[in-house]
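Got your viewer open and a selection tool handy? Let's take a walk through this one, stop by stop.

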Amino acid sequence: MAVGTSLVAYGMSNALSGPCRRILSPSLIVSMVAMSCVMAWGLLQIKPALGGAHLESFLASAHSALGVDVANSNSIDEERALTGVMRLATYAGIFWLATEFGQERRYAKTVCIALLCSAVLITLYGWAMETTVRSCIALTVVKRDFSSGDPCTLSGTFVNSSNYADFAALAGLFCLASLHDLILQARGSARGSRARWRARLMILTGSGSPYLAALLLLLGSVVYTTSRAGLASFVTAGVIMTILVAAAHRARIGTIVSSTVGLMLLATIVVIFGGGTVLQRSIGLLTEGDSDRVHLFALTAEAISVRPWTGWGLGSFEPLYPVLQPTAVWLNFDKAHNTYLENALDLGIPVSLLLILAIAAPAWQCLKGLRERQRDTQFAATAVGATILIAVHSIVDFGIQIPAVAVTYSALLGVGWAQSWSSRHFADPNANRP
């Protein structure tokens with residue numbers, strides 16, 4: 001309701017104030033059209049099934065387990081499908097508002113700083129829970145009886161620690177991108193290698209110190225979540241983002257190497273001092289594997305093969321799981337732990353590719369913006385790093401399916417897109433106008 005009301009109010013404001021500065025690029029048009037098609041298909045899936053005669057035997061056998069009649073509909077659960085469309089519309093609305101307001105640097109910075117402060121506050125709350133009830137309580141949710149003595153994992157206000165890892169990592173990437181931007185600005189005024197290193201140290205101990213402190217806090221907290229994929233995704237996104245920023249601004253190879261090595265060293269130190277559990281879990285994964293996820297991926301692929309083109313409707317994995325659950329897996333799962341597979345199950349393969357395109361198009365513009373912008377590169381860089389983080393982690397988890405993570409990512413992507421244009425795009429009053 002808040003996002004919808006904001007969109008209506010902003011539209012009315014534009015209508016009353018007349019033409020305003022706006023960029024309508026192919027990347028934004030492609031994203032808008034693709035997302036509109038995805039949402040329209042999500043609604044169409046609630047309608048009667050499209051020629052599903054060959055599915056009758058499967059659906060009849062599934063009826064008793066699901067407890068709903070799915071024989072005459074493409075969607076397993078109409079309520080879940082409508083909720084899924086509502087969420088997509090909300091994320092798209094946040095992205096659109098971020099692209100509009102984010103064209104002003106002060107608004108773009110306000111959004112990112114607000115998200116960073118939110119992540120820091122949630123992290124501090126998580127550490128308070130860690131030192132008092134061993135993280136076994138998140139707000140009013142009791143994850144485990146802490147009186148038993150068994151600790152839980154750091155998760156802030158999230159129930160799932162991996163979802164918190166995504167949220168904290170998104171804010172951490174903004175800190176890293178902000179440090180990169182400050183260093184790039186100082187590089188132009190420094191002459192000689194010694195002067196450049198002195199300028200970097202002054203930034204890290206001066207104007208960049210709040211970002212450095214927040215980055216250390218967030219990185220350390222991601223380590224303490226013991227989320228292997230969360231930490232790996234964070235480091236991967238940070239390293240790739242660092243390389244892309246340095247390459248886009250034609251930094252020397254030594255600068256690229258030193259920045260990358262510095263980030264890796266920072267992550268290694270944090271892991272050594274506080275990541276004993278995550279190291280043990282990583283070693284266990286390498287030696288024993290993860291049979292549960294393998295079975296989850298297999299049963300999701302099986303469900304996709306039954307309806308590869310039309311899908312089962314948004315939010316269909318959980319109600320379908322009891323039907324396809326293999327005997328080797330005794331736990332109950334409400335997510336496929338692979339967002340790509342789950343989207344294909346829900347929407348069908350063609351429309352799930354459209355959903356990826358809706359995100360990839362503005363992310364590509366953010367990547368191009370790293371070369372076009374000479375200052376304030378932190379916004380586009382954060383959007384690129386956030387996209388890499390989500391893309392990697394979504395292979396083995398479902399962080400982007402959690403509204404808190406999706407809302408944060410949508411805002412960062414929108415702001416990054418808005419700040420990925422050079423000022424010359426606004427110089428011509430007739431350029432890039434609707």
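Start by selecting helix α1 together with α4: the buried residues of α1 pack against α4. Keep in mind as you go that this is a predicted model.

**Stop 1: helix α1**

Zoom in on α1, which runs over residues 2-17. Which of its residues are buried? Pick out Val3, Tyr10 and Asn14. Look down the axis and you'll find that they cover an arc of only 35°, which puts them on the same side of α1. There is a simple piece of helix geometry to recall here: an α-helix has 3.6 residues a turn, so residues three or four places apart point the same way.

Now spin the helix around. The face turned away from the buried side of α1 carries the exposed residues Thr5, Val8, Met12, Ala15 and Leu16. If you like checking lengths, put a distance label on the two end C-alpha atoms of α1: they sit 22 Å apart. That agrees with the expected span, because 16 residues at 1.5 Å a residue should come to 22 Å.

**Stop 2: a bridge from α4 to α13**

Stay with α4 (residues 78-101) and add α13 (residues 317-324) to your selection. Show the side chains of arginine 80 and glutamate 318, which meet in a salt bridge with 3.2 Å from N to O. Arginine 80 belongs to α4 and glutamate 318 to α13, so this pair ties together parts that are 238 residues apart in sequence. Buried or exposed, or something in between? Glutamate 318 is partly exposed, at a relative accessible area of 31%, and arginine 80 is also partly exposed, with 31%.

How many salt bridges does the model have? The count comes to seven, and the next stop has some others.

**Stop 3: around aspartate 376**

Select aspartate 376, in the loop between α15 and α16. Its side chain meets that of arginine 105 in a salt bridge, at 2.8 Å from N to O. Arginine 105 lies in helix α5 (residues 105-133), so the pair ties together parts that are 271 residues apart in sequence.

Next, show arginine 375. The side chains of arginine 375 and aspartate 376 also meet in a salt bridge, this one at 3.2 Å from N to O. Add Arg373 and you have the whole set: salt bridges with shared partners join Arg105, Arg373, Arg375 and Asp376 into one network.

Try a surface view of these residues. Aspartate 376 is buried, with a relative accessible area of 4%. Arginine 105 is partly exposed at 33%, and so is arginine 375 at 48%.

Before you leave aspartate 376, check its backbone. Its phi is near 55°, a positive value in a residue other than glycine.

**Stop 4: arginine 134**

There's another positive phi to look at. Select arginine 134, where phi is near 55° and the residue is again not a glycine. Arginine 134 is placed in the loop between α5 and β1 (137-138). With a relative accessibility of 35%, arginine 134 counts as partly exposed.

**Stop 5: cysteine 175**

Move on to helix α6 (residues 161-187) and select cysteine 175. How accessible is cysteine 175? Its relative accessibility is 0%, so cysteine 175 counts as buried.

What does cysteine 175 touch, leaving aside its neighbours within four places in sequence? Turn on Leu116, Tyr211, Ala214, Leu215 and Leu218, and you'll have its contacts on screen. Try a distance label on one of these: the C-alpha atoms of cysteine 175 and leucine 218 are separated by 9.5 Å, with the two residues 43 apart along the chain.

**Stop 6: a nonpolar patch**

For the last stop, switch to the surface and colour Tyr340, Ile349, Leu353, Ile356 and Ile395. Together these residues form a nonpolar patch on the surface, with about 420 Å² of accessible area. Which helix gives the largest share of the patch? Highlight helix α15 (residues 349-372), the source of three of the patch residues.

Finish on isoleucine 356, which is found in α15. Isoleucine 356 is partly exposed, with a relative accessible area of 39%.

Terms used:
Residues are numbered from 1 along each chain as its sequence is written. This is a predicted model: local features need pLDDT of at least 70, side-chain atom pairs count only at pLDDT 80 or more; totals for chains, interfaces and linings use all residues. Side-chain values use heavy atoms; hydrogens and water are left out. Patches are made of residues with over 30% relative accessible area and no salt bridge: like charges are joined within 9 Å, nonpolar side chains (Val, Leu, Ile, Met, Phe, Trp, Tyr) within 5 Å. Accessible areas come from the Shrake-Rupley method with a 1.4 Å probe; for residues, only the protein chains shown count as cover. A salt bridge is a side-chain nitrogen of Lys or Arg within 4 Å of a carboxyl oxygen of Asp or Glu. Helices (H or I, at least four residues) and strands (E, at least two) are DSSP runs, numbered from the N terminus. Buried means under 20% relative accessible area, exposed over 50%, partly exposed in between (1.4 Å probe, protein chains only). The expected span of a helix is 1.5 Å times one less than its number of residues. The arc is that of the directions from the helix axis to the C-beta atoms. Contact means heavy atoms within 4.5 Å.
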